[in-house]
Amino acid sequence: MSRNTEGLILAHKVTFIPGDGIGPDVADAAKRCVDATGVKIDWIYKEAGSDVIAKYKTPLPEDTLLSIKNTKVALKGPITTPVGTGFRSVNVELRKRLDLFVCLRPCKSYKGVRSKYENIDLVILRENTEDLYAGIEFEKGRDDTKNLIKQIEALSNKTIKQDSGISIKPISVSATERLVNYAFDYAIKNKCRKITVVHKANIMKFTDGLFLETARKTAQNFKTSGIEFEDRIVDNMCMQLVQVPEKYDVIVLPNLYGDILSDLCAGLVGGLGVAPGANIGTDCAVFEATHGSAPKYKGLNKVNPVAMILSGVLMLKHLGENKAAEKLEKAVSDIIAEGKYVTYDLTASRTEKGAVGTKEMADAIIKRVK
Ligand code: NAD
């Protein structure tokens with residue numbers, strides 16, 4: 001909480017982007033829950049997503065980006081990746097334009113959420129700006145692709161099938177260093193015991209190998225932190241997470257493996273409905289659920305708002321409002337455990353029998369948090 005010179009509490013300015021599909025339902029629920037904690041927030045409403053393309057000729061208006069740059073913090077609903085607009089994904093574009101270099105995705109068991117596992121408390125830290133997600137792609141059959149294939153063949157002394165498409169995987173020392181530095185800072189602040197770096201360095205020596213080598217070097221600077229540091233090959237890591245998830249704590253990955261293992265870990269704790277997230281850079285941070293816009297549920301007031309509300313909890317922590325964050329997380333956890341006011345995906349039958357809507361679940365959480 002910050003105060004002005006007269007001692008009055010100043011409101012935090014936060015850009016609020018409802019998104020599209022189920023976005024407006026879950027984002028509104030999260031915004032109301034954050035307000036219920038009593039923390040003063042001056043919400044700046046901005047648009048983005050497939051519903052606004054006709055209005056702005058783009059799914060990501062400059063004004064929305066500018067607002068995030070000004071407020072430095074945004075709470076954002078999911079956004080559909082539109083086809084044929086020049087954007088591969090609004091979400092990827094946002095991360096790139098704001099240099100949100102780390103994607104933070106905690107995966108935690110809550111009593112009452114059905115899952116094969118109990119007591120899971122993991123954090124995924126995914127590199128957000130490079131790797132196969134960099135968007136450097138060459139389409140099969142185009143002249144530039146054929147040229148590229150010729151050049152690669154000449155340089156590498158290997159053959160590539162002429163009917164191939166090509167995606168480029170850049171991984172840099174600088175992006176890896178800042179990710180691993182962030183991981184240690186996070187682990188120290190949150191009293192975590194271990195960092196596990198995930199890679200396929202045995203096969204991709206110059207990308208994943210560089211990631212591993214840089215991570216190891218960076219970890220040397222934190223030798224006295226008491227935090228254990230180890231690495232795992234990604235395929236082994238998938239099996240380990242399914243068999244012995246309790247062995248892991250903070251998991252640090254390049255972009256693509258991070259994307260895949262985020263959903264795997266969300267599965268360990270009961271699914272996408274309870275998996276929050278944040279994209280964090282040096283200047284700005286955008287808080288959003290791991291799940292997408294689930295267009296088939298658009299406007300039905302049906303889906304689980306918890307992932308988005310817990311993203312609000314992460315936002316409150318980021319704003320330094322730790323007590324409010326704890327209060328809101330406890331209210332969410334209590335409402336799930338009681339099981340009376342939960343959405344369809346959290347009922348015993350996984351159907352609408354005995355379920356409430358998105359808004360009603362948020363209302364129950366709000367009552368509890370006050
Ligand atoms: P999705 O996460 O939108 O939905 C997959 C399924 O998961 C849904 O059909 C639903 O059964 C379940 N689900 C998701 N959220 C839920 C919730 N809150 N409560 C209960 N069940 C929930 O994934 P998708 O169908 O692959 O993607 C749909 C669109 O979302 C795509 O255009 C994709 O690009 C986009 N997307 C956006 C983001 C983002 O905005 N950050 C992230 C992922 C996907």
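Student: What makes Thr81 a polar contact of the ligand?

Tutor: A polar contact is a pair of N or O atoms within 3.5 Å; within protein, one must be able to donate a hydrogen and the other to accept it, and residues adjacent in sequence count only if both atoms are side-chain atoms. In this predicted model, a polar side-chain atom of Thr81 lies 2.9 Å from an oxygen atom of the ligand, so the pair meets the 3.5 Å limit. The model is predicted, so local features need pLDDT of at least 70 and side-chain atom pairs count only at pLDDT 80 or more, while totals for chains, interfaces and linings use all residues. Residues are numbered from 1 along each chain as its sequence is written, and side-chain values use heavy atoms, with hydrogens and water left out.

Student: Which atom of the ligand is 3.2 Å from the side chain of His291?

Tutor: A nitrogen atom of the ligand is 3.2 Å from an N or O atom of that side chain.

Student: How much of the ligand's area does the protein bury?

Tutor: Taken alone, the ligand exposes 820 Å², of which the protein buries 69%. Such areas come from the Shrake-Rupley method with a 1.4 Å probe; for residues, only the protein chains shown count as cover.

Student: Why is the pair of Phe16 and Trp43 called edge-to-face?

Tutor: Rings of Phe, Tyr and Trp (its six-membered ring) pair if their centres lie within 6.5 Å; planes under 30 degrees apart count as stacked, over 60 as edge-to-face and the rest as tilted. The centres of Phe16 and Trp43 are 5.7 Å apart and their planes stand at 75°, so the pair is edge-to-face.

Student: Why is Phe16 called buried?

Tutor: Buried means under 20% relative accessible area, exposed over 50%, partly exposed in between (1.4 Å probe, protein chains only). Phe16 has 5% relative accessibility, so Phe16 counts as buried. Trp43 is also buried, because its relative accessible area is 17%.

Student: What makes the aromatic pair of Tyr182 and Tyr186 stacked or edge-to-face?

Tutor: The distance is 6.4 Å centre to centre and the angle between the planes is 25°. An angle under 30 degrees counts as stacked, and the pair of Tyr182 and Tyr186 is accordingly stacked. Tyr182, at 18% relative accessibility, counts as buried, and Tyr186 is buried at 15%.

Student: How do you know that Lys302 sits over the ring of Tyr344?

Tutor: A charge sits over a ring if NZ of Lys or CZ of Arg is within 6 Å of the ring centre and within 35 degrees of the ring normal. The charged end of Lys302 is 4.7 Å from the centre of the Tyr344 ring and sits over that ring.
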